[in-house]
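Trainee: I have a new structure on my screen and would like to talk it through with you. Shall we start with a term we will need?

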Amino acid sequence: MENKWLSEAFKGEVPSDFQGKVGWQSPSNIALVKYWGKRGKQIPQNPSISFTLSECRSETFISFEKADRFGFSFFFEGKENSAFGTKIEKFLLDNQAFFKFINQLNLKVESRNTFPHSSGIASSASSMSAFVMGLVEIESLLVGLSTGSRALVDSVPEPVEGPINLQKASYFSRLASGSAARSVFPMMALWGQTEAYQGSSDEYAVSLENDIHPVFKTYHDSILIVSGETKSVSSRAGHALMEGNPYAPARYAQANDNIKTLLAALKAGDLDTFINITESEALQLHALMMCSNPSYILMKPKTLNLINEIREFRKETNIPLCFTLDAGPNVHLLYPESEAEKVEYFIKNVLVKYCDQGRWIADQVGEGPKKLQ
Ligand code: PMV
């Protein structure tokens, strides 16, 4: 795959009047079977499956103009932000063999998130995929100009003709931030090679949109904010700790089995199996943290309160709601659209007391990235 992108890369001279602005919004995603542990160049140790979200997203604009050398600045919510900018700049410099044209451009990146600060929701999947969508569009504008397929009107390039190459966007989103590979597809995505799904790859995610039962296409994810604080151990450190984890081989084998079982359940609309796998995966992720060396715990007491309330409510009412967890204390409450009214009543009357300042975010399965400009 690397050779394909290298050979297709735009290698020409950037026209002296090349300038403009592209903008993309891209969503966060929540994994059901978790990616936890990697090797080599951001290659996952096991395949993962996620819901693409809708409300939690990043909006990123890239202004570009011809320059003698690579120029870069990054603004987050209107303010120059060096920490995040450095991450994107490093990604660009590490991958300049694929994006040679950046050495002839001045780039100004402006980004914002639709979800609140300090909500504990990781923004790297949404922000990195939004940035990569814009980068791939800039390249496609250059390719279009060089092949004469598009005219330069008043120095502002026309909107892209035809869709962005999502496989390429997923491949480079993965290099920017592993789980971002899954955010470029609508509804559900699978990242990682598995014999259970033809066309799956460790290098990019694939869409599951056409292989899921309609019930999952409108699934809800209410994110119950237990704490908005930054995690004490980053995902990057967590992945690294899997290397010495004595349970790692068993984990990777089980994740592969869970992928097979979940794929079948997603197709059939089998909610019991969906719930069983999803909750087990969430707890297993945190169990792996607890038996890393050094060990650590990201759940809080209120995370456990919420889990117990959710399981009890399911038992009492037979409503097929379940939880999952990301690498943090917040609880993602998953349920079908048909149960939304009852579950929201339950959130407002019971669960909200465990949330930090009563905060929760009503999200649901979404359509994937959209072009803004
Ligand atoms: O993409 P990263 O490196 O931030 O890792 C994400 C890991 C989890 O969010 C815990 C699981 C997943 O598959 O998204």
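Mentor: Happy to. A residue is called buried under 20% relative accessible area, exposed over 50%, and partly exposed in between. Keep in mind that this is a predicted model.

Trainee: With that scale, is Glu110 buried, exposed or partly exposed?

Mentor: Glu110 has a relative accessible area of 27%. Partly exposed covers the range between the 20% and 50% cut-offs, so Glu110 counts as partly exposed.

Trainee: Which residue forms a salt bridge with Glu110, at 3.8 Å between the closest N and O atoms?

Mentor: Side chains of opposite charge can pair when their charged atoms come close. Here the partner sits in strand E1 (residues 19–33), while Glu110 is in strand E7 (residues 105–113), so the pair ties together parts that are 89 residues apart in sequence. The partner is partly exposed, at 36% relative accessibility. The residue is Lys21.

Trainee: How far apart are the closest N and O atoms in the salt bridge of Glu137 with Lys371?

Mentor: Glu137 is buried, with a relative accessible area of 1%, whereas Lys371 is partly exposed at 32%. Glu137 lies in helix H3 (residues 124–146) and Lys371 in strand E16 (residues 370–371), so their pair ties together parts that are 234 residues apart in sequence. The closest N and O atoms of this salt bridge are separated by 2.7 Å.

Trainee: Let's turn to strand E10. Which residue of E10 is the bridge partner of Ser50?

Mentor: Strand E4 (residues 48–66) runs antiparallel to E10, and four bridges join them. E10 also pairs with strand E11 (residues 205–207) in the antiparallel sense, over three bridges. The residue you want also stands opposite Ser207 in E11. In E10, Ser50 is bridged to Ala189.

Trainee: Which residue of E10 points the same way as Ala189?

Mentor: In a regular strand the side chains alternate between the two faces of the sheet. Met188 and Leu190 point one way from E10, and all of the strand's residues named here are buried. Pointing the other way, along with Ala189, is Trp191.

Trainee: Finally, the ligand. How much of its area does the protein bury?

Mentor: A polar side-chain atom of Asp326 lies 2.6 Å from an oxygen atom of the ligand, and one of Ser179 lies 2.7 Å from a ligand oxygen. Taken alone, the ligand exposes 380 Å². Of that area, the protein buries 91%.

Key
Residues numbered from 1 in each chain as written. Predicted model: local features only at pLDDT ≥ 70, side-chain atom pairs only at ≥ 80, totals over all residues. Heavy atoms only, no water. Polar contact = N/O pair within 3.5 Å; in protein donor to acceptor, adjacent residues only side chain to side chain. Areas by Shrake-Rupley, 256 points an atom, 1.4 Å probe, with all protein chains shown as cover. Buried < 20%, exposed > 50% of the residue type's maximum accessible area, 1.4 Å probe, protein only. Helix = DSSP H or I, 4+ residues; strand = E, 2+ residues; numbered from the N terminus. Pairing = 2+ DSSP bridges. Salt bridge = Lys/Arg side-chain N within 4 Å of Asp/Glu carboxyl O.
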